[in-house]
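Dear colleague,

I am handing over the structure we spoke about, so that you can look through it at your own pace. Please open it alongside this message.

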Amino acid sequence: MNNDGDKQSCISDDNRNHEQTGINPKSIMNNSYCWIDGVVVNPQEATISVFDHGLLYGDGVFEGIRFYKGKMFRLEAHLSRLRDSLAALSIRMPYSDTEIEAALNKLIQLSLREKQDNAYIRLLVTRGVGSLGIDPRSCVKSSVIMILSPLQLASSQEMQQGLKLMVSTVRRISNDMLSPQIKSLNYLNNILARQQATVTGADEAIMLNAQGFVAEASTENIFVIKNGMISTPAITEGVLAGITRAEVIKLADAIGFEVSQTRLTVHDLYTADEVFLTGTGAELIPVREIDGHLVSECPGPIYIKLKEKFECLFS
Ligand code: PMP
């Protein structure tokens, strides 16, 4: 195929992707606000250096923070997890938590001016600009980036009917390779798993750990309910210590359920009474089907109770 043909096929692929996702590329930056290394910048002009090791090597970490009614949800927990990710990779954070909070609030104020009081903020810290080699010592100063953007919420149909999941053949990176607790800029295995879900007609993928036990979804933690008992994979199974996961464990305790943080098998998923996913973006979202096995109750009674309690935290 000649070059023009190649170009043509790329363009139509792009269009097909956008048709499938319903996302108009021109509107991606609408109602978004950015902050880079101390300066608020127009999203159209928000750029980073091609020498940034975050881009060159995925050498950086991030957090996804949500705000409701103009107030950030569990900011302290997000900053603490960010500090842990940074410490694990020896990336220096040039700002104090107070400075970061002030900058985040500045973006929220801009959002509120446009009557957007509920959205999502991506906070990234990269190793910064350095030479093309991998050696992080060439990076003198970390880059800090904040992007406030509206959330792509799960549709009310998805919330009501639940998600269709598949168990991916792409495994979660294991603890002895790169701790899954580091929320790094490298999500390639999660992306591969999500692509597998899409091509098989599922909404989301479940990733197993290297030993074949359940870890988590590509960007959410997973909870399973059987005979009135709530379980979720233990952190040691190689999952991100999700902030929503921790909230759900506390809420379950408050309504009289102890959550067992344990080892789960695919059999546990196929035979569960209720299954739901948790995450900052997804909040709590029920699951109706896994690899063609219907989950008996979706949305189930325990999920409904937890979801109600969760909503009380910010409404
Ligand atoms: N697991 C992975 C791999 C994730 O990316 C996320 C989203 N950050 C979660 C779980 C859910 O974590 P949280 O509740 O903190 O958003």
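Below is what was found in it, taken region by region.

Please keep in mind throughout that this is a predicted model.

I begin with the ligand and its surroundings. Of the 14 residues around the ligand, those that come nearest are Leu240, Gly242, Ile243, Thr244 and Thr280. Two elements, α7 and β13 (274-279), each give two or more residues to this shell, and α7 gives the most, with three residues. By class, the shell around the ligand holds nine polar residues, three charged ones and two nonpolar ones.

Helix α7 is also worth following away from the ligand. The axes of α7 and helix α9 (residues 301-312) come within 10 Å and cross at roughly 110°, and since angles of 65 to 115 degrees count as roughly perpendicular, the two helices are therefore described as roughly perpendicular to each other. On the α7 side the contact is made by Glu247, Val248, Leu251 and Ala252, while α9 brings Leu306, Lys309 and Phe310 to it. Sorted by class, this contact of α7 with α9 has five nonpolar and two charged residues, and no polar ones.

Alanine 254 also belongs to helix α7, which covers residues 243-254. Alanine 254 counts as exposed, because 9 other C-beta atoms lie within 10 Å and the cut-off for exposed is 12 or fewer. Its C-alpha atom is separated by 9.5 Å from that of lysine 309, although the two residues are 55 apart along the chain.

Turning to the interior, the largest nonpolar core has 38 residues, of which Ala205 and Val275 touch the most other members. Leaving out residues up to four places away in sequence, valine 275 touches Ile222, Phe223, Val224, Leu269, Val287, Ile290 and Val295. Apart from this core lies another, of 24 residues, including Val61, Leu75, Leu123 and Leu124. In soluble globular proteins, nonpolar side chains tend to be buried together.

Finally, valine 41 sits in strand β2, which spans residues 39-41. Valine 41 counts as partly exposed, because it has 14 C-beta neighbours inside 10 Å. When residues up to four places away in sequence are not counted, valine 41 touches Cys34, Ile36 and Ala46. The C-alpha atoms of valine 41 and methionine 146 are separated by 10.0 Å, with their positions 105 residues apart along the chain.

With best wishes

Notes. Residues are numbered from 1 along each chain as its sequence is written. This is a predicted model: local features need pLDDT of at least 70, side-chain atom pairs count only at pLDDT 80 or more; totals for chains, interfaces and linings use all residues. Helices (H or I, at least four residues) and strands (E, at least two) are DSSP runs, numbered from the N terminus. A residue is buried if 20 or more other C-beta atoms lie within 10 Å of its own, exposed if 12 or fewer, and partly exposed in between; C-beta atoms are placed from the backbone. Axes are lines fitted to C-alpha atoms, for helices over the stretch in contact, and angles run from 0 to 180 degrees between N-to-C directions. Angles under 35 degrees count as roughly parallel, over 145 as roughly antiparallel, 65 to 115 as roughly perpendicular and the rest as oblique. Two residues are in contact if their C-beta atoms, placed from the backbone, lie within 7 Å. Ala, Val, Leu, Ile, Met, Phe, Trp, Tyr, Cys and Pro count as nonpolar, Asp, Glu, Lys and Arg as charged, and the others, Gly among them, as polar. A residue is near a molecule or strand if its C-beta atom, placed from the backbone, lies within 6 Å of it. A nonpolar core is a set of buried Ala, Val, Leu, Ile, Met, Phe, Trp, Tyr and Cys residues joined through C-beta atoms within 7 Å.
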